[in-house]
Amino acid sequence: MFASIDRDAPESIQAQLRRSIVGAIHAGKMAPGQKLPPSRRLAEQLGIARNTVAAVYEELVARGYLEAVPRRGYFVGRELDAARDAELPASGPGALDWAARIRQRPSALRHVDKPSNWQDYEYPFVCGQVDPRLFPIDTWRACSRDALGRSAIDWWTADRAVEDDPLLVEQIRTQVLPQRGIFARPEQILVTLGTQEGLYLLSRLLARPGVRVGVESPGYPDARNIFAADGAEIVDLPVDGDGARTDGAGRLDVAVLTPTNHCPTMVQMPPARREAILRQARQDGTILIEDDYDGETAFASDGTTLKSLDGDGRVVYLGTFSKVLAPGVRLGFLVADAALVDEARWLRRLIHRSAPLNNQRTAAIFLAEGHYLTLVRQLRAALESRTRRVREGQRRYLPGFTMSEGGGGASVWLTCPEGLDANRLWDVARGRGVLTETGDPFVPPEQAGRFLRIGLSYIDDRKIDSGLRLLGEAAARLR
């Protein structure tokens, strides 16, 4: 755990030991509250005097790195000041140049992000969260207990490698997919860690340099990021009041679309546009990836999906439970031709084998007992009510803003008036307890500062009016 002592080094033994302990703490090798070896034992291991170890321990207690507990010993401090990062050991002469070795820079890409303390805001207009006031936690807890029954445990504790829970697959096949007009066989369904993993698996299987992949603009940034990382040529697909357009893009190998509720504008693709896209895809040989991320909560949708209109297996459908159960459950599903699903299954094995089978079984029981569809109906009713309140509040408190006419789901898309910077508004409103999402990650850089996304999945209905009033007051201050 600690570096060995170099007696020929210009640095003193005491300084070397001090720096070694501090380095181990900062590197996470020692956790807060962890007990250090007794001074006598550590001295024997390092071949140094016990008094030297004791002196270092006492010095680190004075600096706050360690805590001394009478008759028990020394422990890593539980409240370390970040300012002590300066104590980190300097890189040695053989240290790697990671900047030169790392092939990709995912951290530098545009990402959808929100403050980690978003729950502390009085008016959290955030997306992708589950409202605890609606989620039946006692019912979920009961399903979790059932998943801990002897027969269930015997199944999900085993190393299944490429298998999914057959009960969950059956519930997806018979309950969830028919609601979207999709009928599939078990071998055409793969359980994923949300639609995000589905996109990643598909990119690894389908994308490479020279492959042309159409992505919506504006659109979900991670779809663009994932396929670009595999070397695909990214083709922007413009979005109008009927959703994405593929005509004019030239021949595409793959197109990633969100037709039910476009991400982020929430416009719904009408039947005529869907049919036109399918016709062109058949003509050009394009694989269509339908990301139905908001399908379960789209209260104004007619339930028609591209996959339900697909007659030749070229549509790959991605669904998720995250908007209904919880993002942390990390369950979604991919529906496609069995040949593609089989390869995706074996690729998934190279990453993490199957999705956590205990979560799969709990979700399967929740669906099988009818709780899921009941919850979906409750969520849709709540989102419809919240959307109506936001539209009323926008007319009252946000004059000059334009709200997209979407299919109705978990968010709304706002275009700011000319001359008003959405990012400045986001920052000022945040200071007043109103947390929205900036639209910048979804749009080209030249359109930065024009849009806000108002999430509806978590906000209390009773706070919507007050939150929009404060947002309007913040906008008025900036204009």
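This is a short talk that walks through one protein chain, from its overall build down to single residues.

Hi everyone, thanks for having me. Before we start, please keep in mind that this is a predicted model. Let's begin with the whole chain. The protein chain has 479 residues, and 51% of them count as buried. Its secondary structure comes to 16 helices and 16 strands. If you follow the C-alpha trace along its principal axes, it spans about 85 × 60 × 50 Å. One more number for the overview concerns contacts with a separation of 6 or more: residues 24 or more positions apart account for 73% of them.

Now to the sheets. A quick reminder from the textbook: strands of a sheet pair through backbone hydrogen bonds, either parallel or antiparallel. In which order do the eight strands of the open sheet with mixed pairing come? Reading across, the order is β4-β11-β10-β9-β8-β5-β6-β7. At the edges stand β4, residues 189–192, and β7, residues 243–244. Each of these edge strands has a single partner strand, so one side of each is left without a neighbour in the sheet.

Let's zoom in on β4. Its partner is β11, and the two pair in the antiparallel sense over four bridges. To find one of the matches yourself, look for isoleucine 189, whose bridge partner in β11 is valine 335. Are the residues on the two faces of β4 buried or exposed? On one side we have Ile189 and Val191, on the other Leu190 and Thr192, and all of them are buried. So β4 is an edge strand, and both of its faces are covered.

Further into that sheet you can find a parallel pair. Strand β8, residues 254–257, and strand β9, residues 287–291, pair in the parallel sense over four bridges. Here leucine 257 has glutamate 290 in β9 as its bridge partner.

What lies across this sheet? Helix α7 does: it lies across β4, β10 (315–320) and β11 (332–335), and it runs at about 105° to β4. The same helix, α7 (residues 166–179), also packs with helix α13 (residues 357–368). Their axes are 8 Å apart, and the angle is about 35°. The crossing of α7 with α13 is left-handed. Which residues of α7 meet α13? They are Leu167, Leu168, Gln171, Gln175 and Val176, and across from them in α13 are Gln360, Arg361, Ala363, Ala364, Ile365, Leu367 and Ala368. Sorted by class, this contact has eight nonpolar, three polar and one charged residues.

There is a second helix pair I'd like you to find. The axes of α8 (residues 194–206) and α9 (residues 221–229) come within 9 Å and cross at roughly 25°. That makes α8 roughly parallel to α9, because angles under 35 degrees count as roughly parallel. The crossing of α8 and α9 is right-handed. From α8, the residues Gln196, Leu199, Tyr200, Leu202 and Ser203 meet Asp222, Ala223, Ile226 and Phe227 of α9. Six of the residues in this contact are nonpolar, two are polar and one is charged.

On to another sheet. Four strands form an open, antiparallel sheet in the order β12-β13-β16-β15. Its edge strands are β12 and β15 (437–438), each pairing on one side only. Between β12 and β16 sits β13, so let's see who its neighbours are, residue by residue. Strand β12, residues 402–403, is joined to β13 by two bridges, in the antiparallel sense. One match to look up is methionine 403, whose bridge partner in β13 is leucine 414. With strand β16, residues 451–455, β13 pairs over five bridges, again antiparallel. Leucine 414 turns up here too, with leucine 452 as its bridge partner in β16.

How many residues of β13, residues 411–415, are buried? Five of its five are. Ser411, Trp413 and Thr415 are on one side, with Val412 and Leu414 on the other.

Let me finish away from the sheets, with glutamate 79. Where does it belong? Glutamate 79 is in the loop between β2 (73–76) and α4 (98–101). Buried or exposed, would you say, for glutamate 79? With 74% relative accessibility, it counts as exposed. Glutamate 79 and proline 32 are 47 residues apart along the chain, and their C-alpha atoms are separated by 7.8 Å.

Thanks for listening, and I'm happy to take questions!

Notes:
Residues numbered from 1 in each chain as written. Predicted model: local features only at pLDDT ≥ 70, side-chain atom pairs only at ≥ 80, totals over all residues. Heavy atoms only, no water. Axes fitted to C-alpha atoms, helices over the stretch in contact; angles between N-to-C directions. Parallel < 35°, antiparallel > 145°, perpendicular 65-115°, else oblique. Left-handed = near helix turned anticlockwise from the far one by under 90°. Contact = heavy atoms within 4.5 Å. Nonpolar A, V, L, I, M, F, W, Y, C, P; charged D, E, K, R; others polar. Pairing = 2+ DSSP bridges. Buried < 20%, exposed > 50% of the residue type's maximum accessible area, 1.4 Å probe, protein only.
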